[in-house]
Amino acid sequence: MKKRFSSRELFELRNDIPVDMLIKDGLQIPSKISDGVFRFLCPICNEFQTSVNPATNLARCFRCERNFNTIDLVMSVRRSGFKESVLFLKHMPGKVSKQNSRQALNALAAGIGQPIPQGLK
Ligand SMILES: [Zn+2]
């Protein structure tokens, strides 16, 4: 059994799938917005003392004091092994890459407040 995943592949699965989308749509974990914070039912302790950090794309349970990346979440919720969880993420229906929207946003942000290029004056 030689099938391994490249670190790049794993990096992409951890970072390009928005963790809140995985919680809501991919794994269908009960979730809610309270006080403007996205919260989900922790698969370990079944409490809503949680939040997600879009900057790191990690989900956190304050009660368990645990961070979950996308792969950890799948393993915890589906009680599946690492390889199986990675395959689940790779083949998740409706998987949307965060990269496209983020690139578009970055391009937009870069255009704001920038001096007008010489040629266009
Ligand atoms: Zn917990």
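Hi everyone, let me start in the middle of the fold. The largest nonpolar core has 25 residues, and the ones that touch the most other members are Leu22, Ile23, Phe40, Ala59, Leu73 and Leu89. Before I go on, please keep in mind that this is a predicted model.

So which elements build that core? Two or more residues come from each of α1 (7-15), α2 (19-26), β2, β4, α3 (70-78) and α4 (82-90). The largest share is from α2, which gives four residues. As general background, nonpolar side chains in soluble globular proteins tend to be buried together.

Let's stay with Leu22 for a moment. Leaving out residues up to four places away in sequence, Leu22 touches Ile17, Leu27, Gln28, Thr70, Leu73, Val74, Leu89 and Met92. Two of those names, Leu73 and Leu89, you have just heard in the list of core residues with the most contacts to other members.

Now to the metal. Which residues hold the zinc ion? The donors are the SG atoms of Cys42, Cys45, Cys61 and Cys64, at 2.2 to 2.3 Å. The angles that these four donor atoms subtend around the zinc ion run from 107 to 113°, so the arrangement is tetrahedral. For reference, the ideal angle for four tetrahedral donors is 109.5 degrees.

Along the sequence, the donor residues follow the spacing C-x2-C-x15-C-x2-C. One pair here links distant parts of the chain: Cys45, from the loop between β2 (37-40) and β3 (50-53), and Cys61, from strand β4 (residues 58-61), are 16 residues apart. Are these two buried or exposed? Both Cys45 and Cys61 are buried.

Next, two residues with backbone angles you may want to look at on the screen. Asn46 is not a glycine, yet it has a positive phi of about 60°. You will find Asn46 in the loop between β2 and β3, and it counts as exposed because its relative accessibility is 51%, where the cut-off for exposed is over 50%.

The other one is Glu65. Here too phi is positive, at about 55°, in a residue that is not a glycine. Glu65 lies in the loop between β4 and β5 (66-68), and with a relative accessible area of 60% it is exposed.

Finally, a word on the rings. How many aromatic pairs are there? The count comes to zero. Phe48 does have a charged partner, though: the charged end of Lys32 sits over the Phe48 ring, 4.3 Å from the ring centre.

That's my tour, thanks for listening!

Notes: Residues numbered from 1 in each chain as written. Predicted model: local features only at pLDDT ≥ 70, side-chain atom pairs only at ≥ 80, totals over all residues. Heavy atoms only, no water. Donors = N, O, S within 2.8 Å, 3.2 Å for Na, K, Ca; no water. Tetrahedral: all angles 85-135°; square planar, octahedral: opposite > 155°, others 65-115°. Buried < 20%, exposed > 50% of the residue type's maximum accessible area, 1.4 Å probe, protein only. Phe/Tyr/Trp six-rings, centres within 6.5 Å; stacked < 30°, edge-to-face > 60°. Lys NZ or Arg CZ within 6 Å of the ring centre and 35° of its normal. Core = buried A, V, L, I, M, F, W, Y, C linked by side-chain atoms within 4.5 Å. Contact = heavy atoms within 4.5 Å.
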